[in-house]
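Got your viewer open? Let's take a walk through this model together, one selection at a time.

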2 protein chains.
Amino acid sequence: MTAVSCTPTIGRPRAFDMDAALEKALEVFWRKGYDGTSLTDLTEAMGINKPSLYAAFGNKEQLFLKAIELYESRPCAFFIPALEKPTAYQVAEHLLYGAAMNMADKNNPQGCVIIQGALSCSEAAAAVKEALMNRRVDGEHKLRQRFEQAKQAGDLPEHVDAEVLARYLGTVLQGMAIQANNGASADQLRQVAEMTLLAFPRAG
Amino acid sequence: MTAVSCTPTIGRPRAFDMDAALEKALEVFWRKGYDGTSLTDLTEAMGINKPSLYAAFGNKEQLFLKAIELYESRPCAFFIPALEKPTAYQVAEHLLYGAAMNMADKNNPQGCVIIQGALSCSEAAAAVKEALMNRRVDGEHKLRQRFEQAKQAGDLPEHVDAEVLARYLGTVLQGMAIQANNGASADQLRQVAEMTLLAFPRAG
DNA sequence: AGGGTTATATACCTGATAGTACATTTGTAA
DNA sequence: TTACAAATGTACTATCAGGTATATAACCCT
């Protein structure tokens with residue numbers, strides 16, 4: 001059994017950078033949503049033709065899902081790293097300030113593609129909508145687990161309901177995405193983050 | 001100059017109820033968004049043919065805008081009535097509980113059409129997106145004015161920044177729309193409302 | 001140099017899209 | 001009863017959607 005190389009050397013080599021093309025696709029989906037994005041939008045942004053797109057990424061839906069994966073694994077993604085902060089308060093802090101910085105970043109479309117990519121959509125986009133929903137729910141679940149762990153560690157008071165706290169924080173973060181989409185600046189979002197943190201339950 | 005009657009009696013009478021048809025159109029736009037809704041979706045839901053739709057409502061965009069107007073003037077709309085409550089705290093209370101009840105109401109599509117109708121969209125929907133953005137911003141502005149008035153009335157502490165408080169509350173409300181879209185129940189949203197109110201600045 | 005293999009560009013396919021022309025129906029007013 | 005006005009149903013248009021067939025171009029290995 002021979003090793004399978006990741007970039008097969010047989011045949012004509014691909015003339016474009018898949019990662020760069022995927023970044024471009026992500027940007028278009030992020031700005032226009034799944035339903036609002038046409039294949040022409042995509043091929044123009046990616047600088048390739050339709051057959052290349054289909055050969056490399058499958059179809060529109062699979063391309064979207066791959067773009068979302070890229071989105072979550074980018075260097076500026078802040079969700080998972082925030083969960084690793086030592087205390088519940090610091091987790092919330094990093095989530096809120098990370099959201100403020102990233103969602104209003106002028107180098108990207110405003111808001112969050114996980115939220116606005118297919119919030120309400122055609123039947124053709126149902127699978128995509130569900131994939132996004134699952135990610136949002138999953139993120140909130142991870143947050144809840146982190147807060148439960150914090151209670152056990154003693155840096156979150158016993159009386160706090162981890163599930164409700166996670167849902168509340170998720171709600172604020174999701175609201176910040178809408179604010180950013182509305183044109184709110186990073187500073188304005190930081191003010192919302194501060195006000196949220198003022199009421200955040202702390203140890204002791 | 002003779003009076004112009006609202007329902008002209010000349011010519012063949014309209015065979016459908018415009019208000020009922022508009023309700024149906026609203027429901028489709030609400031569920032599928034502007035880009036995700038086709039004229040076929042609309043005519044099927046409204047029970048009329050395309051020429052009737054165009055004669056009565058102009059075109060897809062104008063129909064959407066009229067549906068939004070209906071949405072804001074429905075009996076269950078809670079935003080404007082909430083602003084008239086006597087204190088800032090009660091305003092927030094009614095907004096939050098009104099959102100919890102309405103956005104998760106199983107008799108309607110989940111969430112809020114002002115938020116999810118055209119959050120990210122094609123260029124063809126740009127005007128619609130802007131109309132929705134303006135309404136969101138306008139709502140927040142009204143809320144800010146209400147809180148400024150509350151400060152003068154003395155039921156909100158002097159140190160509170162009305163603009164930031166309005167933006168924070170708007171963020172939570174918008175986040176609740178995403179939560180509802182995600183399938184959160186009215187009870188779950190009420191928990192978020194309660195947690196938000198716990199931290200709400202009160203007089204004295 | 002030639003065969004195998006993969007990517008590319010062009011051109012195409014089928015079905016759906018928003019919007020409309022037209023002939024017909026249904027009502028009011030004279 | 002006839003003239004007029006507006007709404008209706010059918011059928012249509014032009015364009016665009018997502019997706020593909022095919023011929024050609026570029027590369028590796030032998």
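One term before we start: a polar contact is a pair of N or O atoms within 3.5 Å, where, inside protein, one must be able to donate a hydrogen and the other to accept it. Keep in mind too that this is a predicted model.

**Stop 1: a pair of side chains**

Select D187(A) and R190(A). Their side chains are joined by a polar contact of 2.9 Å. Now look at what D187(A) sits in: helix α10 of chain A, which covers residues 186-198. Add A104(A) to your selection. D187(A) and A104(A) are 83 residues apart in sequence, yet their C-alpha atoms are 8.9 Å apart in space.

**Stop 2: the whole of chain A**

Zoom out and colour chain A by secondary structure. How many helices and strands are there in chain A? You should count ten helices and zero strands. Reading from the N terminus, the pattern is simply α-α-α-α-α-α-α-α-α-α. If you show just the C-alpha trace of chain A, it spans about 65 × 50 × 30 Å along its principal axes.

**Stop 3: the annotated stretches**

Next, select residues 15-75 of chain A. In an unreviewed entry, UniProt lists them as "domain: HTH tetR-type". This stretch is 80% helix and 0% strand, and the C-alpha atoms at its two ends are 26 Å apart.

Now try residues 38-57 of chain A, which carry the UniProt annotation "DNA-binding region", again from an unreviewed entry. Residues 38-57 are 80% helix and 0% strand, with end C-alpha atoms 15 Å apart.

**Stop 4: two domains in one chain**

Give residues 16-71 of chain A one colour and residues 75-198 another: these are domain 1 and domain 2. What touches what here? Domain 1 of chain A puts 14 residues into the contact, and domain 2 of chain A puts in 20. The centres of the two domains, taken over C-alpha atoms, are separated by 25 Å.

Interface size has a handy yardstick: it is often given as the accessible area lost when the parts come together. For domain 1 and domain 2 of chain A, about 1,300 Å² is buried between them, with 69% of that on carbon and sulfur atoms. Looking for salt bridges across this interface? The rule finds zero. There are, however, four residue pairs in polar contact between domain 1 and domain 2 of chain A, both residues being at pLDDT 80 or more.

Select α1 (18-36) and α4 (60-73) of chain A. These are the elements that give two or more residues to the side of domain 1 that touches domain 2. Of the elements on that side, α1(A) gives the most, with eight residues. By class, this side of domain 1 of chain A has eight nonpolar residues, one polar and five charged.

**Stop 5: where chain B meets chain A**

Bring chain B into view. On each side of the contact between chain B and chain A, you'll find 40 residues. Together, chain B and chain A bury about 3,400 Å², 56% of it on carbon and sulfur atoms.

How many salt bridges are there between chain B and chain A? The count is two. To see one of them, select E123(A) and K32(B), whose side chains meet at 2.8 Å, N to O. Across this interface the rule also finds 19 residue pairs in polar contact, both at pLDDT 80 or more.

Which elements of chain B give two or more residues to the side that touches chain A? Highlight α1 (18-36), α7 (113-116), α8 (126-153), α9 (162-181) and α10 (186-198) of chain B. The largest share of that side, 14 residues, comes from α9(B). Finally, colour the side of chain B that touches chain A by residue class: you get 15 nonpolar, 16 polar and nine charged residues.

Methods:
Residues numbered from 1 in each chain as written. Chains lettered and ligands numbered in written order. Predicted model: local features only at pLDDT ≥ 70, side-chain atom pairs only at ≥ 80, totals over all residues. Heavy atoms only, no water. UniProt positions renumbered as here; feature names shortened; annotations may be inferred. Helix = DSSP H or I, 4+ residues; strand = E, 2+ residues; numbered from the N terminus. Domains from an automatic or database assignment. Contact = heavy atoms within 4.5 Å. Buried area = accessible area lost by both parts, 1.4 Å probe. Salt bridge = Lys/Arg side-chain N within 4 Å of Asp/Glu carboxyl O. Nonpolar A, V, L, I, M, F, W, Y, C, P; charged D, E, K, R; others polar.
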